[in-house]
Amino acid sequence: MTNSQEQIIAFCCRHSARRAADRAALEGLALPGAVRLVNVPCSGRISMELILKALEDGAPGVLVLGCHPGACHHLYGSDRARERVTAVRQRLQEAGLNPARVAFASLGPDNAADLTRLLADFVESSWVLTPLASEP
């Protein structure tokens, strides 16, 4: 078991990913223990600074989980989140860090199995578990 500073942070839109997580619980699907779900009103509210702050505070990886294209409750929130994640990944790469530490994915509220698989794949990737401070 990891402590809270070593947990992967998954920012979950309450209209899609959070509902998928709730459905996973109802269906008895286990989410990885190394992931901390953070509910947000919309994935578009997640700033680049917040993603970078999570990494600086010790999270080995950050996922931003929003709605499917065209299904965003706030119209463009998922598009904004995807653009910000892309910008953060570019900045990590420019700094010589592994950009795969940050990812965006879209989910529907009924995608409980997809959410569990997505989280498990992200956690199991060895690069995610390497502390950020150990990268060059």
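**A four-stranded parallel sheet and its helices**

At 32% relative accessibility, D79 counts as partly exposed, because that value falls between the 20% under which a residue is buried and the 50% over which it is exposed. D79 sits in helix 3. Its C-alpha atom is 9.3 Å from that of H68, a residue 11 places away along the chain. As with everything described here, this comes from a predicted model.

The loop that leads from strand 3 to helix 3 holds L75. With a relative accessibility of 61%, L75 counts as exposed. The backbone at L75 is worth a look too: phi is near 70°, a positive value in a residue other than glycine.

Now for the sheet. It is open and has four strands, set in the order 2-1-3-4 with parallel pairing. Strand 2 (35–40) and strand 4 (102–106) stand at the edges, and each has a single partner strand, so one side of each is left without a neighbour in the sheet. From one strand to the next, the twist averages 20°.

Strand 1 takes up residues 8–13 and pairs with strand 2 in the parallel sense, over six bridges. Within that pairing, F11 has V38 as its bridge partner, while A10 is matched with L37. Strand 1 also runs parallel to strand 3, and four bridges join the two. Here I9 is the residue whose bridge partner is V62 in strand 3.

How enclosed is strand 1? Six of its six residues are buried, so strand 1 is largely enclosed by the rest of the structure. In a regular strand, side chains alternate between the two faces of the sheet. Both faces of strand 1 turn out to be covered: I8, A10 and C12 are buried on one side, and I9, F11 and C13 are buried on the other. From strand 1 the chain passes through helix 1 (residues 17–26) to strand 2, and this β-α-β crossover is right-handed.

Helix 1 has a buried side made up of alanines, with A17, A20, A21 and A24 all buried. These residues cover an arc of only 100° around the axis, which puts them on the same side of helix 1. Their cover includes strand 1, strand 2, strand 3 and helix 4. The face turned away from the buried side carries A25 and L26, both exposed. Just after helix 1 comes G28, with a positive phi of about 75°.

Two more helices can be placed against the strands. Helix 2 (residues 48–56) lies across strand 1, strand 3 (62–66) and strand 4, and runs at about 145° to strand 3. Helix 4 (residues 112–124) packs on the sheet as well, touching strand 1, strand 2, strand 3 and strand 4. The direction of helix 4 makes about 165° with that of strand 3.

That leaves the interior. In soluble globular proteins, nonpolar side chains tend to be buried together. The largest nonpolar core in this model has 18 residues, and those with the most contacts inside it are F11, I51, V62, V64 and V102. Strand 1, helix 2, strand 3, helix 3 (77–94) and strand 4 each give two or more residues to this core. A second, separate core has 17 residues, among them A10, C12, A34 and A103.

Two residues show how the contacts are laid out. Setting aside neighbours within four places in sequence, I51 is in contact with I46, V62, V64, V85, V88 and V102. V88, in turn, is found in helix 3. With a relative accessible area of 0%, V88 is buried. Apart from residues up to four places away in sequence, V88 touches M48, I51, L52 and V102. One of these, M48, is 40 residues from V88 in sequence, yet the two are 6.2 Å apart in space, C-alpha to C-alpha.

Terms used:
Residues numbered from 1 in each chain as written. Predicted model: local features only at pLDDT ≥ 70, side-chain atom pairs only at ≥ 80, totals over all residues. Heavy atoms only, no water. Pairing = 2+ DSSP bridges. Axes fitted to C-alpha atoms, helices over the stretch in contact; angles between N-to-C directions. Contact = heavy atoms within 4.5 Å. Buried < 20%, exposed > 50% of the residue type's maximum accessible area, 1.4 Å probe, protein only. Right-handed = clockwise from strand over helix to strand, strands pointing away. Arc of directions from axis to C-beta. Core = buried A, V, L, I, M, F, W, Y, C linked by side-chain atoms within 4.5 Å.
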